Amino acid sequence: MIFGMGPMELAVIALVVLVIFGPKNLPKLGSALGRTVKNVREGMEDDLDDTPADKDDDAPVE
């Protein structure tokens with residue numbers, strides 16, 4: 001189960017998405033969602049790479 005949802009709930013959600021966006025727009029929607037997830041992951045990796053020690057290399061140590 002994904003996020004505590006069973007197969008029936010996932011089927012209903014897929015049907016609603018299909019009705020709202022239509023079959024012609026689903027590939028566009030999927031690629032846009034994929035790009036968004038990729039950008040979020042890259043942004044999170046960049047945030048993890050920037051540690052406070054890297055930002056304040058010239059700061060005096062107290």
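Author: Helices (H or I, at least four residues) and strands (E, at least two) are taken here as DSSP runs, numbered from the N terminus. This is a predicted model, in which local features need pLDDT of at least 70 and side-chain atom pairs count only at pLDDT 80 or more, while totals for chains, interfaces and linings use all residues. Residues are numbered from 1 along each chain as its sequence is written, and side-chain values use heavy atoms, with hydrogens and water left out.

Reader: How many helices and strands does the chain have?
Author: From the N terminus on, the elements run α-α-α. The count is therefore three helices and zero strands.

Reader: What distance separates the end C-alpha atoms of α1?
Author: The expected span of a helix is 1.5 Å times one less than its number of residues. For the 15 residues of α1 that gives 21 Å, and the model agrees, because the end C-alpha atoms are apart by 21 Å.

Reader: Which residue follows α1, and what is the sign of its phi?
Author: The residue after α1 is G22, and its phi, near 80°, is positive.

Reader: Which element gives the most to the nonpolar surface patch?
Author: Patches are made of residues with over 30% relative accessible area and no salt bridge (a side-chain nitrogen of Lys or Arg within 4 Å of a carboxyl oxygen of Asp or Glu), where like charges are joined within 9 Å and nonpolar side chains (Val, Leu, Ile, Met, Phe, Trp, Tyr) within 5 Å. The nonpolar patch covers about 920 Å², by the Shrake-Rupley method with a 1.4 Å probe, and its members include M8, F21 and L29. Two or more residues come from each of α1 (7–21) and α2 (26–49). The element that gives the most, with eight residues, is α1.

Reader: Is L18 buried, partly exposed or exposed?
Author: L18 is found in helix α1 and belongs to the nonpolar patch. Buried means under 20% relative accessible area and exposed over 50%, with partly exposed in between. Because its relative accessibility is 37%, L18 counts as partly exposed.

Reader: What share of the 62 residues in the chain is buried?
Author: The chain exposes about 5800 Å², of which carbon and sulfur atoms supply 65%. Among the 62 residues, the buried share is 3%.

Note on methods
Buried < 20%, exposed > 50% of the residue type's maximum accessible area, 1.4 Å probe, protein only.
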